[in-house]
Amino acid sequence: MESFGARLHRTVTERGPLCVGIDPHPGLLARWGLDDDVDGLERFARTVVEALGDQVAVIKPQSAFFERYGSRGVAVLESIIRQLRDQGALVLLDVKRGDIGSTVRAYASAYLDPSSSLYVDAVTASPYLGVGSLAPMFELAAEHGGGVFVLALTSNPEGAAVQRAHGADGRTVAQTVIDEIAQLNAGADPLGSMGLVVGATIGETGHDLSAVNGPLLAPGLGAQGATAADLRVVFGSSLPSVLPSYSREILSAGPDPQALRAAAHRAAGECRAVLGGSS
Ligand SMILES: O=c1ccn([C@@H]2O[C@H](COP(=O)(O)O)[C@@H](O)[C@H]2O)c(=O)[nH]1
């Protein structure tokens, strides 16, 4: 079985390093001429999937925007996950789950067990009950070729107070998270399957990402103010592992599928100029 890290490496080599989020904000639905209801949600999500599912390496549905419509919204999410996978995109579900280990095991089976209707290639996870509490997710991901992206240095300004606080050994909370994920990826080739979330908005922070050997998801581009040029400042020598992520910046080009594709192509070009690499 091919690991998530290997599948991601291959897909990014074929399609270019880009993640596009599906975040059906009420304001975007209105801008697209859609109602803020399940039908509007479904039209929005399917349009993005049909425009980008066969072009972009990773698509990241934001679970919150589906959950807000209850079970019918989750049914739309299940359906587009299948459609995206059929189109060859890797699906990273942004759910930011985290809990005590026994509960994390249930979250892991919801998203990382192939028999689940919400089965995806990777999920986001929160380490604030301790990175070790996420072990059931790491284990199930490894067993089935999935991935987990753990929050390290998030793109929102409020994150710094917690994430950059120093522990007894002098490391920041974020550096502890980074180092624990690096251990999980040690020796993986071409890339480990356990990733980190590091916002493109955070500037130079002095954190050491050099040993991570896994993907670095970089949200915060576009609508939150970061530009592709900021990636160089934030990631330095770790740029080759960066997966830039845009949601509203690209989604606001819709609903015309060609305009969505053009916006994704433009974003990919700007990132490629900084990251290098193919396609
Ligand atoms: O640190 C983080 C972690 C996750 N996100 C999520 O990414 C998208 C960003 O959307 P934009 O429209 O491109 O701002 C959204 O789903 C967030 O929940 C993040 O922004 N920062």
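**Loop geometry and ligand surroundings in the predicted model**

Serine 193 is placed in the loop that connects helix 9 with strand 6. In this structure, which is a predicted model, serine 193 is buried, its relative accessible area being 11%, and its side chain reaches the backbone nitrogen of glycine 5 at a distance of 3.0 Å. Glycine 192 belongs to the loop between helix 9 and strand 6 and is likewise buried, with a relative accessible area of 2%. Although glycine 192 and phenylalanine 4 are separated by 188 residues in sequence, their C-alpha atoms are 7.7 Å apart in space. Glycine 192 can also be set against leucine 18, from which it is 174 residues away in sequence and 18 Å away in space, again from C-alpha to C-alpha. Leucine 18 itself is located in the loop between helix 1 (4–15) and strand 1 (19–22), and at 4% relative accessibility it counts as buried, because values under 20% fall in that class.

The loop between helix 9 (173–185) and strand 6 (194–198) also holds proline 190, and the peptide bond that leads from aspartate 189 to proline 190 is cis, with omega near 10°. A second cis peptide bond, with omega near 10°, runs from glycine 254 to proline 255. Proline 255 is found in the loop between helix 11 (248–251) and helix 12 (257–275). Such features merit mention because most peptide bonds are trans, and most residues other than glycine have a negative phi.

With regard to phi, two residues deserve description. Asparagine 213, although not a glycine, has a positive phi of about 50°; its position is in the loop between strand 6 and strand 7 (216–218), and its relative accessibility of 27% places asparagine 213 among the partly exposed residues. Lysine 96, which is not a glycine either, has a positive phi of about 45°, but the residue lies in strand 3 (residues 90–97). At 39% relative accessibility, lysine 96 counts as partly exposed, since this value lies between the limits of 20% for buried and 50% for exposed residues.

The backbone of lysine 96 is in contact with a neighbouring element through threonine 124: a polar atom of the threonine 124 side chain lies 2.8 Å from the backbone nitrogen of lysine 96. Threonine 124 is part of strand 4 (residues 122–125) and, with a relative accessibility of 1%, counts as buried. Valine 123 is also located in strand 4, and its relative accessibility of 0% puts valine 123 in the buried class. Valine 123 and aspartate 36, which are 87 residues apart in sequence, have C-alpha atoms separated by 26 Å in space.

The side chain of lysine 96, in turn, leads to the ligand, an oxygen atom of which is 3.4 Å from an N or O atom of that side chain. For lysine 60, the corresponding distance between a side-chain N or O atom and an oxygen atom of the ligand is 3.1 Å. In the case of glutamine 224, a polar side-chain atom lies 2.8 Å from a ligand oxygen atom. Taken alone, the ligand exposes 470 Å², of which the protein buries 88%.

The ligand occupies the largest pocket. Around the ligand there are 14 residues, among which Asp23, Gln62, Ser155, Gln224 and Arg248 come nearest. Classified by residue type, this shell divides into 4 nonpolar, 5 polar and 5 charged residues. Lysine 96 thus combines several of the features described here, in that it has a positive phi of about 45°, has its backbone nitrogen 2.8 Å from a polar side-chain atom of threonine 124, and has a side-chain N or O atom 3.4 Å from an oxygen atom of the ligand.

Technical notes:
Residues numbered from 1 in each chain as written. Predicted model: local features only at pLDDT ≥ 70, side-chain atom pairs only at ≥ 80, totals over all residues. Heavy atoms only, no water. Near = heavy atom within 4 Å. Polar contact = N/O pair within 3.5 Å; in protein donor to acceptor, adjacent residues only side chain to side chain. Areas by Shrake-Rupley, 256 points an atom, 1.4 Å probe, with all protein chains shown as cover. 1 Å grid on protein atoms, 1.4 Å probe; cavity = no way out; pocket = protein on both sides within 12 Å on 5 of 7 lines; lining within 4 Å. Sits in = over half its atoms within 2 Å of the grid points. Nonpolar A, V, L, I, M, F, W, Y, C, P; charged D, E, K, R; others polar. Helix = DSSP H or I, 4+ residues; strand = E, 2+ residues; numbered from the N terminus. Buried < 20%, exposed > 50% of the residue type's maximum accessible area, 1.4 Å probe, protein only.
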